[in-house]
Amino acid sequence: MHATIEAGAAGRTATGATPTRDRAIDAARAGCLAVVFLLHAMMVGVSVGPGGPVLENALEGWDFLAPATWVVQIMPLFFLIGGFSGWTAWQRRRARGIGPASFVRDRITRLVRPAVPLVAVVGLALAALAAAGVPAEIVQTASFRIGQPLWFLAVYLGASALVPLMVRLHEWRPGVTIGALVAAVVAVDALRFATGVEALGFLNLAFVWLAMQQLGFLLADGTVDRMPVAARLRLAACALGGLLAITLSGPYTPDLLQNLNPPTICLVLLGTAQLALFSLVRRPLGRWAERRGPARAVASFGEWGMTMYLWHLPAFVLLAAGLLAANASFGLALPEPLSAEWWASRPLWLVGAAAVTALAVRAFARWERVPRRPAPGSGNDRPAGAGPAGSERMPLLTALADALPRVPAWLAVPAGVLGVGTALVVGFAPAPALVSLALLGVALLGARAPRMHGRAALAARVDAGMSVVGGKLIPQHQM
């Protein structure tokens, strides 16, 4: 396998081929988001106990949860897909002579911007609930549930910012790089179990997910596709067999959701199996995703996927609050989680959860769209349909941002990670929410590109998703 990995990287480097967009990857990302939505929706348990309203993980006591997690634990696949996308995006920019700083700034903008309204709105809403007399326990539970998905954003931002460096290591020695990361994962697990210090396990937030990203590079450079089908099936079987062995007889739990916090070697084995199996269905999945109907659905997920990921739990909490209000007002029945009545009510709950989430996405998806500003230069560099030269007015926020000092990308990335991490760990109380927003603001200041003029500005616009047609720049999605 090591020799195959090395040969694959060498072949890609020798050919110098520029990667193109892969519809199967887009479809897989959309599928992962759908699984996350369904899983989290099914976990919401809202009822009224002897002490008052109860918000809980409804699936916590479900006997079949552990086996089900072997199917619904898709975070390794998520990072594999992220590795594929990061590799291809970086190769495209590198082929145009774009440097790592520009790549990192783009990642900061796309990942940090959607988190800003979440922290601001949720912080204000929870403060208002506390001021209105809602029990502190309920407010704290809501804050915890809403903040849970933020771990992914923080880790994904850090891993994405390291793509240029990790690609260089991949091109140098892919097998050595992956082997070193996996060895680090095993070492952290061993140290954690030997000392009993659970906090040590969180070092694997770096090693596990960087290892998954590196495996995504193997898919992107064609190494996995060059493996015979039988070899990929054997790889998946060995990975799943190893996972089964260490969860049944070792120190690891067979519940793969528990292996997420902190991440363990179990997720590396699961991700290896997912890599091999996904590669086998990638081509038919890509053909399906190119059809008109699926293509539209997949494209929609691509436009607002991060918004849905960040806002689906606040939407669930809002819907749960509405059910509690209905119970208090006119006695709406709230069945006990995992009861027959509860299972029977899940289809209606999923429909309501999807509707409220869709409203949230519609309200906040604009934050996921990266704003584009006309570059300085001749009037021909404006999008088609724009008014006469000089007619565009820069938004007030953009003007204010331009007056602030610029932050280097190397400082912006940790600021973004810490900003998200503050809301994740401390919560959305007023003080931590303000700290989080300040750190996210620093990150966005670092995401601003240096001022460019003339050809440099035009090249940056093309790299950002604009194409030159008839002497004018138009968004590529309109072509």
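What follows is a chat about a predicted model of one protein chain.

Reader: Let's start broad. How many helices and strands does the chain have?
Author: There are 19 helices and 4 strands. Keep in mind that the model is predicted.

Reader: And how much of the chain is buried?
Author: Of the 479 residues, 47% are buried. The accessible surface of the chain is about 23,100 Å², and carbon and sulfur atoms hold 67% of that.

Reader: What share of the contacts joins residues 24 or more positions apart?
Author: That share is 78%, counted among contacts with a separation of 6 or more.

Reader: OK, the inside. Which residues touch the most other members of the largest nonpolar core?
Author: That core has 99 residues, and the ones touching the most other members are Met75, Ile108, Trp151, Phe152, Trp209, Tyr309 and Leu310. In general, nonpolar side chains in soluble globular proteins tend to be buried together.

Reader: Pick Tyr309. What does Tyr309 touch?
Author: Leaving out residues up to four places away in sequence, Tyr309 touches Leu33, Val36, Met75, Pro149, Trp151 and Phe152. Apart from the largest core lies another one, of 8 residues, including Leu39, Met43, Leu59 and Leu65.

Reader: I see plenty of rings in there. How many aromatic pairs are in the whole structure?
Author: A search turns up 18 aromatic pairs. One of them is Trp62 with Phe64, an edge-to-face pair at 6.0 Å centre to centre, with 65° between the planes.

Reader: Are those two buried or exposed?
Author: Trp62 is partly exposed, at 28% relative accessibility. Phe64 has 55%, so Phe64 counts as exposed.

Reader: What about Phe78 and Phe152, why is that pair called tilted?
Author: Their planes meet at 45°, so the pair is tilted, with the ring centres 5.1 Å apart. An angle under 30 degrees would count as stacked and one over 60 as edge-to-face. Phe78 is in helix α4 and Phe152 in helix α8, 74 residues apart, and the pair links these distant parts of the chain.

Reader: Why do those two count as buried?
Author: Buried means under 20% relative accessible area. Phe78 has 6% and Phe152 has 2%, so both qualify.

Reader: Which aromatic cluster are they in?
Author: Phe78 and Phe152 belong to one with Phe79, Trp151, Tyr156, Trp209 and Tyr309.

Reader: Switching to the outside. Which residues form a nonpolar patch on the surface?
Author: Val229, Leu233, Leu240 and Leu277 do, with about 300 Å² of accessible area together. Helix α12, residues 229-248, gives the most, with 3 residues. Val229 lies in that helix and is partly exposed because its relative accessibility is 45%.

Reader: Now a charged one. Where is Asp26, and is Asp26 buried or exposed?
Author: Asp26 is in helix α2, residues 23-43. With 10% relative accessibility, Asp26 counts as buried. Beyond neighbours within four places in sequence, Asp26 contacts Arg21 and Val298.

Reader: Last topic, the backbone. Where is there a cis peptide bond?
Author: The bond from Asn261 to Pro262 is cis, with omega near 5°. Pro262 is in the loop between α12 and α13.

Reader: And what is the phi of Leu338?
Author: Phi there is near 75°, a positive value in a residue other than glycine. Most residues other than glycine have a negative phi, and most peptide bonds are trans. Leu338 is in the loop between α14 and α15, and its relative accessible area of 27% makes it partly exposed.

Key. Residues are numbered from 1 along each chain as its sequence is written. This is a predicted model: local features need pLDDT of at least 70, side-chain atom pairs count only at pLDDT 80 or more; totals for chains, interfaces and linings use all residues. Side-chain values use heavy atoms; hydrogens and water are left out. Patches are made of residues with over 30% relative accessible area and no salt bridge: like charges are joined within 9 Å, nonpolar side chains (Val, Leu, Ile, Met, Phe, Trp, Tyr) within 5 Å. Accessible areas come from the Shrake-Rupley method with a 1.4 Å probe; for residues, only the protein chains shown count as cover. A salt bridge is a side-chain nitrogen of Lys or Arg within 4 Å of a carboxyl oxygen of Asp or Glu. Helices (H or I, at least four residues) and strands (E, at least two) are DSSP runs, numbered from the N terminus. Buried means under 20% relative accessible area, exposed over 50%, partly exposed in between (1.4 Å probe, protein chains only). Rings of Phe, Tyr and Trp (its six-membered ring) pair if their centres lie within 6.5 Å; planes under 30 degrees apart count as stacked, over 60 as edge-to-face and the rest as tilted. A nonpolar core is a set of buried Ala, Val, Leu, Ile, Met, Phe, Trp, Tyr and Cys residues joined through side-chain atoms within 4.5 Å. Contact means heavy atoms within 4.5 Å.
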